[in-house]
Each structure stands twice: as C-alpha cells, then as structure tokens.
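User: I have a structure here that I have not looked at before. Can you walk me through it?

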Amino acid sequence: NLAVSAGAIYIVRNPLDVVLSFADYQGVTIDTAIKAMGMLNFEQPREGDAITSPLGSWTQNVRSWTAKPSPDLHVVRYEDMLTDPQKTFGSVVRFLGVEAPQERIEKAVRHSSFKELRAQEDQTGFVERSPSQERFFRTGTSGQWRDALNDEQIERIVVDHRDQMACFDYIPGGF
C-alpha cells in the first residue's frame, strides 16, 4: 500500500536455478519441483501454525509483479545482484530515495554477502530454513542448472515459462 510504503522491490530469478532451490526447500525431487512451479494457482502447503502461501506458477508470480510497470515498483534480477552487487543495490537505494555515499553502499553489500549470511546461519540458524533443508543458504550462485538439469527438464521449464523467461533474458541457447 503506497500510503504506508515507499514502494515494492521484486527480485526475479531464473526459473532454471529457482527449481533447484525450490526442490531443496520443499524436500522434493527436481521433477516434482518443476511440476509445482508450472502449476497454475500453486499454493505452498500449510505447515504447523503457518497459513497456506499462494505463490502461483513461476510465470504467474513474476507476471503478477511485473506485467504493469510502475514507478512504485523496482524489479531486480538475482543474477545482477551477483555480478554487480554495488550497482544493483545502489539502484535499490536510489529507488527508495535514500541518499547514501558509495562507501555506505559497499559496506551494506559486504554485510549482506552470501558468505556473511551463511556464517550467520551457521552461528544462529535461520528461521526461514525448512525442516527438509540442511541449510537455507545453499550456494549463492547462478547457473547451477547447467550441471544439475537434463535437457528434458530444461525444455519443460522453458515450455512452461517461455514468455516470462524471454522478458528477463533467461532462455538458454537451443531452446
């Protein structure tokens, strides 16, 4: 609600990598995760006291946030956070209207690096880790799908999500 917020920041990630994290988080096979990510109106099952979380398919989720560009929405690609964290985080800071010197942005990036987050998880745990996960912060990389998915799995993901993948330059060559 714009009356009580500066806007929204949406982080989009290549579904070819998302499926690996999602399978780990859910404690299911990659094929099961591919099916769930392609399922219209998918809802994450209720666990304990938590309510059901409606996610939609990967495409529905991305489209629900990005279909109507707005000056009140800032979309960030996960991969850009990895390749150029200062520039990407700097764009988030500017979107929020915060005046921050470059040294402060660099410090914020250092303190929120994957290495730092994993160290914190090792020390104190992480509340978002699911019971099926060994750790929430697994690798902090992109492109793992190249070694983890077979051609049939890649094709199923691309067929399910081609239009949205194209919007973010996620379709691999040959598909």
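Analyst: We can take it one question at a time. This is a predicted model.

User: Let's start with helix 9. Which residues does it cover, and where does it bend?

Analyst: Helix 9 runs over residues 151–167. At H161 it bends by about 85°.

User: Which residues of helix 9 are buried?

Analyst: The buried ones are Q153, I154, I157, V158, H161, Q164 and M165. H161 is therefore both the place of the bend and a buried residue, which here means under 20% relative accessible area.

User: What covers those buried residues?

Analyst: The cover includes helix 1 (15–26), helix 2 (30–38), helix 3 (58–66) and helix 8 (145–148).

User: What is found at the start of helix 9?

Analyst: There, N150 has a side-chain oxygen within 3.1 Å of the backbone nitrogen of E152.

User: And what comes just after helix 9?

Analyst: D169 is in the segment after the helix. D169 has a positive phi of about 60°, although D169 is not a glycine.

User: Is D169 buried or exposed?

Analyst: D169 counts as exposed, because its relative accessibility is 67% and the cut-off for exposed is over 50%.

User: Changing topic: how many salt bridges are there?

Analyst: The count comes to three. One of them joins D31 and R156, with the closest N and O atoms 2.9 Å apart. That pair links distant parts of the chain, since D31 is in helix 2 and R156 is in helix 9, 125 residues apart.

User: Why would two such side chains pair at all?

Analyst: Side chains with opposite charge can pair when their charged atoms come close.

User: What else does R156 pair with?

Analyst: The side chain of R156 also meets that of E152 in a salt bridge, at 3.2 Å from N to O. R156 and E152 are both in helix 9, four residues apart, which is about one turn of the helix.

User: Which residues make up the network, then?

Analyst: D31, E152 and R156 are linked in a network of salt bridges. E152 is also the residue whose backbone nitrogen is reached by N150.

User: How exposed are D31, R156 and E152?

Analyst: D31 is partly exposed, at a relative accessible area of 39%. R156 is partly exposed as well, at 27%. E152 is exposed, at 52%. The cut-off is why E152 gets another label: exposed begins over 50%.

User: What about the bridge outside that network; which residues form the one with R77?

Analyst: R77 forms a salt bridge with D80, and the closest N and O atoms are 3.3 Å apart. R77 is partly exposed at 22% relative accessibility, and D80 is partly exposed at 30%.

User: On to the surface. Which residues make the nonpolar patch?

Analyst: The patch is made by I9, I11, M81, L96 and V98. Its area is about 380 Å².

User: Where is I9?

Analyst: I9 is in strand 1, which covers residues 8–12. I9 is partly exposed, with a relative accessible area of 37%. That is over 30%, so I9 meets the accessibility cut-off for a patch.

User: What does I9 contact, leaving aside its neighbours in sequence?

Analyst: Leaving aside neighbours within four places, I9 is in contact with H74, V76, V92, F95 and L96. L96 is also one of the patch residues.

User: How far apart are I9 and V92?

Analyst: They are 83 residues apart in sequence, while their C-alpha atoms are 7.7 Å apart in space.

User: One more residue: where does A100 sit?

Analyst: A100 is in the loop between helix 5 (85–95) and helix 6 (102–111). A100 counts as partly exposed, with 27% relative accessibility.

User: Which residues touch A100, again without its neighbours in sequence?

Analyst: Outside the four places on either side, A100 is in contact with V93 and I105.

User: And how far is A100 from G90?

Analyst: From C-alpha to C-alpha, A100 and G90 are 8.5 Å apart, and in sequence they are ten residues apart.

Terms used. Residues numbered from 1 in each chain as written. Predicted model: local features only at pLDDT ≥ 70, side-chain atom pairs only at ≥ 80, totals over all residues. Heavy atoms only, no water. Patch = residues over 30% accessible without salt bridge, like charges linked within 9 Å, V, L, I, M, F, W, Y side chains within 5 Å. Areas by Shrake-Rupley, 256 points an atom, 1.4 Å probe, with all protein chains shown as cover. Salt bridge = Lys/Arg side-chain N within 4 Å of Asp/Glu carboxyl O. Helix = DSSP H or I, 4+ residues; strand = E, 2+ residues; numbered from the N terminus. Buried < 20%, exposed > 50% of the residue type's maximum accessible area, 1.4 Å probe, protein only. Bend = angle between axes of the 7 residues up to and from the residue. Contact = heavy atoms within 4.5 Å. Polar contact = N/O pair within 3.5 Å; in protein donor to acceptor, adjacent residues only side chain to side chain.
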